[in-house]
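Here is a friendly walk through one model, from the arrangement of its chains to the surroundings of one residue. Have a look at the structure first, and then read on.

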Number of protein chains: 4
Amino acid sequence: MEKTPLEYDYTPQENPFLKRIYRVIYFSDTKAGKLFDIALLLLIFISTFLVMLETVNFINVKYSGLFFTVQMIITVLFSIEYILRILTIKDKKEYIFSPLGIIDFISIIPFYLSLIFPVLHFFVIVRMLRMLRVFRIFNLADYQQDGRFIVKALKESSRKIYIFLLFLIIFIIIIGSLMFVIEGGRNGFSSIPQSIYWAVVTITTVGYGDISPVTSGGKFLAIIVMLCGYSIIAVPTGIVSSQFRRQSQSGDSCDRCGNGENDKNARFCKICGEKILDK
Amino acid sequence: MEKTPLEYDYTPQENPFLKRIYRVIYFSDTKAGKLFDIALLLLIFISTFLVMLETVNFINVKYSGLFFTVQMIITVLFSIEYILRILTIKDKKEYIFSPLGIIDFISIIPFYLSLIFPVLHFFVIVRMLRMLRVFRIFNLADYQQDGRFIVKALKESSRKIYIFLLFLIIFIIIIGSLMFVIEGGRNGFSSIPQSIYWAVVTITTVGYGDISPVTSGGKFLAIIVMLCGYSIIAVPTGIVSSQFRRQSQSGDSCDRCGNGENDKNARFCKICGEKILDK
Amino acid sequence: MEKTPLEYDYTPQENPFLKRIYRVIYFSDTKAGKLFDIALLLLIFISTFLVMLETVNFINVKYSGLFFTVQMIITVLFSIEYILRILTIKDKKEYIFSPLGIIDFISIIPFYLSLIFPVLHFFVIVRMLRMLRVFRIFNLADYQQDGRFIVKALKESSRKIYIFLLFLIIFIIIIGSLMFVIEGGRNGFSSIPQSIYWAVVTITTVGYGDISPVTSGGKFLAIIVMLCGYSIIAVPTGIVSSQFRRQSQSGDSCDRCGNGENDKNARFCKICGEKILDK
Amino acid sequence: MEKTPLEYDYTPQENPFLKRIYRVIYFSDTKAGKLFDIALLLLIFISTFLVMLETVNFINVKYSGLFFTVQMIITVLFSIEYILRILTIKDKKEYIFSPLGIIDFISIIPFYLSLIFPVLHFFVIVRMLRMLRVFRIFNLADYQQDGRFIVKALKESSRKIYIFLLFLIIFIIIIGSLMFVIEGGRNGFSSIPQSIYWAVVTITTVGYGDISPVTSGGKFLAIIVMLCGYSIIAVPTGIVSSQFRRQSQSGDSCDRCGNGENDKNARFCKICGEKILDK
């Protein structure tokens with residue numbers, strides 16, 4: 001029984017029936033556990049999709065009744081699951097206040113609140129958060145190791161990326177201010193924040209075109225900025241790329257004990273026996 | 001006679017005349033075979049190009065007669081080729097239901113159908129599929145190995161890319177929902193699906209500008225999203241880059257027997273003798 | 001007491017009181033020094049943020065009085081700090097004409113000038129330069145090494161990037177001229193500089209859409225240009241990426257004596273004892 | 001006297017005066033030669049810049065007289081240089097029909113033609129080609145080696161890039177056809193070529209927004225296309241990146257004799273003595 005990094009290793013109740021349910025809902029190493037996970041995934045998907053559709057006016061007008069019914073059923077199922085999760089473990093607090101426990105709670109409560117209070121526009125966001133439950137299903141997947149590989153690479157190079165972003169932001173603010181002065185507060189560059197918005201849109205090569213330089217001076221500055229952005233984009237790519245390479249080349253350091261002397265093909269840390277990330 | 005990965009090694013008919021035709025149309029190691037391939041390539045190109053031009057109104061009005069004649073001739077030639085392909089081999093079913101066999105069939109049948117039924121708008125797509133026949137010509141090219149190299153790199157890193165896309169999609173959905181709420185369902189952000197469309201347009205740095213934030217809050221969120229997108233784009237590049245390097249650095253593992261211990265410059269697997277991909 | 005590359009090692013005054021102040025404002029290895037740096041960072045941030053807000057009309061109308069008061073207080077504090085910086089060291093000239101000394105001066109003088117002369121529009125830029133003081137705070141951060149790592153990589157590959165930019169600019173000018181002729185000076189392509197602006201917007205994949213090809217010929221050229229740009233973007237990334245790798249792979253060459261034979265994990269140059277950049 | 005790859009090693013005339021001129025205009029290893037190159041660079045720059053300005057209407061109206069005079073002077077200078085280049089060498093044909101010789105000729109002839117014939121709109125392009133003379137100046141620069149490094153990397157990976165472009169183009173054509181059908185020939189997607197233009201604009205992340213999907217189906221397809229484009233962009237970067245690394249890592253193969261066994265730090269080929277590219 002491999003533990004997952006997202007899930008605490010709760011102690012199950014001793015009652016054999018509860019223990020079996022515990023095994024099904026917290027793990028995916030049994031057939032029932034796998035089915036349970038797939039069902040959960042489907043419900044999350046349907047539920048998220050319906051919230052989206054509800055915001056499309058002409059669809060909502062037609063099917064709001066159907067939407068309500070389906071959401072009610074799904075929420076009730078989620079509620080039952082939530083209660084079972086609490087019942088089958090000993091240390092209930094540990095689960096309730098864990099990140100996943102809070103997401104589980106958030107994914108059911110807005111529906112009940114909307115029965116009492118009039119539906120708030122803002123609720124849409126809270127109801128979309130239900131989607132985050134998808135991370136629970138990751139016990140199921142082999143993908144976990146690859147996910148950890150990416151996260152590790154980003155974490156290792158985060159300091160370099162922060163530094164880069166700091167320089168970038170200062171550059172963007174200066175460019176924004178310059179552009180504000182050059183375009184003379186006209187043509188959409190009505191204030192420095194607006195000009196900074198333009199600078200970000202430009203340097204990241206998004207280029208909506210809702211604001212774009214009109215004067216010759218502005219266009220000239222824009223050309224400089226774009227060519228700079230074109231060269232600068234190489235930096236974060238270079239950082240992450242180089243990190244990826246280092247990770248997949250060197251013998252991995254062990255995640256548990258930090259031993260970095262493992263062989264390149266080692267599958268377990270030679271110091272502490274922890275399984276080593278595949279690359 | 002090297003076999004290609006796209007083509008099955010069909011057993012030719014024993015009749016010497018059919019066998020010679022078989023050699024010409026299925027292989028490109030004879031002069032006639034090469035000419036045949038080049039002629040095929042040309043016909044495919046012309047045919048695809050004409051379908052495109054037909055959709056341009058003012059051109060079609062003028063030349064629709066010419067277009068019809070040329071397409072008819074090409075389709076008849078393709079039909080003859082299709083029949084010859086079937087006649088010259090023993091196991092006809094194997095060819096007919098192979099991927100290339102199906103494409104060959106699809107590339108001739110829409111024309112005949114359009115003679116019977118009125119021309120359907122949707123037919124354009126089916127007729128464009130004829131273009132896929134181009135892959136048949138790859139026997140001709142040395143490029144095949146490089147193609148396989150790229151495909152291999154993408155396949156090897158597909159799991160990491162899937163994971164990345166999953167995170168990206170969840171991020172996009174959350175951003176889309178947030179934007180829907182912040183812009184209050186106005187300014188083009190009329191529903192969550194519309195806002196998600198905007199989020200994709202923004203994060204991938206396409207930036208049409210058909211929908212763009214108008215409120216200060218929306219613009220601020222857009223700035224955050226763009227800067228994130230700018231840093232995130234490094235991830236797929238890093239993944240593929242690192243995979244390319246690994247592939248071209250290590251001694252290649254053999255495609256047939258999986259032996260990964262070949263020398264860096266080995267041209268044949270030392271276990272099974274399979275030719276090894278050049279890098 | 002580690003010296004920073006941005007700051008000269010000034011000799012402090014011998015007066016013990018001034019010496020203590022010197023320690024606090026020039027270094028961050030005491031508690032008071034750290035607090036001082038954080039306070040400075042906050043003031044810089046607030047001050048920059050206020051200049052931005054001042055340019056937003058409807059905000060400035062309401063709060064211009066408040067803005068003025070806060071800016072005055074911050075400028076007075078900066079002035080006191082500037083005077084203390086001068087008083088506590090022996091060689092005053094060295095500081096006053098150092099890059100950071102000039103920035104410190106520039107960050108206070110525009111305010112006093114604006115009291116005498118009417119506020120000039122152009123002043124906004126000068127006042128935004130105050131933001132550059134943020135670099136002073138870098139003594140505080142461990143981030144310095146990573147910053148130097150990035151700067152080193154960019155410097156090492158600068159020659160390759162210059163060459164690349166030269167080719168790119170010639171390519172852009174030719175494309176711009178071609179487009180000017182093809183679109184016949186209409187549709188926004190009213191002159192070669194305008195067309196060059198379009199070419200830059202296109203090749204860097206910014207794509208505002210304020211100018212875009214209208215004729216068939218123009219669109220065809222645009223397709224070619226975009227596909228080229230798509231392939232070319234790989235070059236700067238490749239250059240920087242490869243430089244990053246080389247730097248983090250090889251034993252670092254020493255920044256002081258240039259010795260390149262240090263071991264991969266060496267923390268000090270084995271020739272001159274200089275600390276070696278972490279990667 | 002190092003020969004450059006762009007310039008043939010012409011045999012100079014034996015007349016000592018002509019020989020000295022030969023040295024000045026064909027090489028940059030003397031003081032006069034360097035001055036000559038810099039003067040040439042300046043003239044090319046001024047001349048190109050003026051052609052650009054001439055296309056800006058309101059400037060041309062004012063200064064057309066001045067522009068004509070300056071262009072005449074520069075063209076006369078270029079003509080003298082062209083004649084000297086021919087006079088000072090023995091094998092005149094070799095120079096006249098070399099790439100640089102042709103560019104030199106093209107950079108003077110349009111001016112004289114425009115004196116006889118009325119100025120043609122198309123001439124702008126021909127006159128801009130004068131800019132290509134800039135490549136002549138590369139003898140001057142150390143940058144040549146870096147330029148060759150980039151060109152070599154692109155050439156080595158060209159086959160992989162061609163393959164990639166082929167797949168990309170087929171993908172683009174299919175997407176374009178699909179979009180034409182989905183949007184039903186409306187909203188700017190009026191023909192398959194127009195839709196292909198849109199597909200290129202989207203996949204390369206340029207995103208002008210002159211054509212963008214309006215129907216739900218079209219937007220959905222656009223989302224898929226953009227996410228694909230986002231992942232695919234990694235491929236050319238990966239190809240070139242990996243090539244750069246390989247080139248700068250392995251001992252360089254000799255450009256002249258192809259010997260690939262040189263040491264990593266070798267500066268001359270150990271087989272034929274050719275200078276080896278620095279990396």
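Helices here are DSSP runs of H or I with at least four residues, numbered from the N terminus. With that in hand, T75(C) can be placed: this residue belongs to helix 3 of chain C, which covers residues 57-87. Please keep in mind that the model is predicted.

Is T75(C) buried or exposed? Its relative accessibility is 1%, so T75(C) counts as buried, since buried means under 20%. Within chain C, the side chain of T75(C) comes to 2.6 Å from the backbone oxygen of Q71(C). Leaving aside residues up to four places away in sequence, T75(C) is in contact with I108(C), F111(C), Y112(C) and R130(C).

Now for the chains as wholes. Two copies of a chain are related by a rotation about an axis and a shift along it. The table gives these values for two pairs.

| Pair | Rotation | Shift along the axis | RMSD |
|---|---|---|---|
| chain A on chain B | 90° | 0.0 Å | 0.1 Å |
| chain C on chain D | 90° | 0.0 Å | 0.1 Å |

Chain A can be laid on chain B by a turn of 90°, and that is the relation of a four-fold axis.

How is chain A divided into domains? Domain 1 takes in residues 5-139, and domain 2 takes in 154-248. Between the C-alpha centres of these two domains of chain A there are 40 Å.

Definitions and conventions:
Residues numbered from 1 in each chain as written. Chains lettered and ligands numbered in written order. Predicted model: local features only at pLDDT ≥ 70, side-chain atom pairs only at ≥ 80, totals over all residues. Heavy atoms only, no water. Least-squares fit on C-alpha atoms with pLDDT ≥ 70 in both. Domains from an automatic or database assignment. Helix = DSSP H or I, 4+ residues; strand = E, 2+ residues; numbered from the N terminus. Buried < 20%, exposed > 50% of the residue type's maximum accessible area, 1.4 Å probe, protein only. Polar contact = N/O pair within 3.5 Å; in protein donor to acceptor, adjacent residues only side chain to side chain. Contact = heavy atoms within 4.5 Å.
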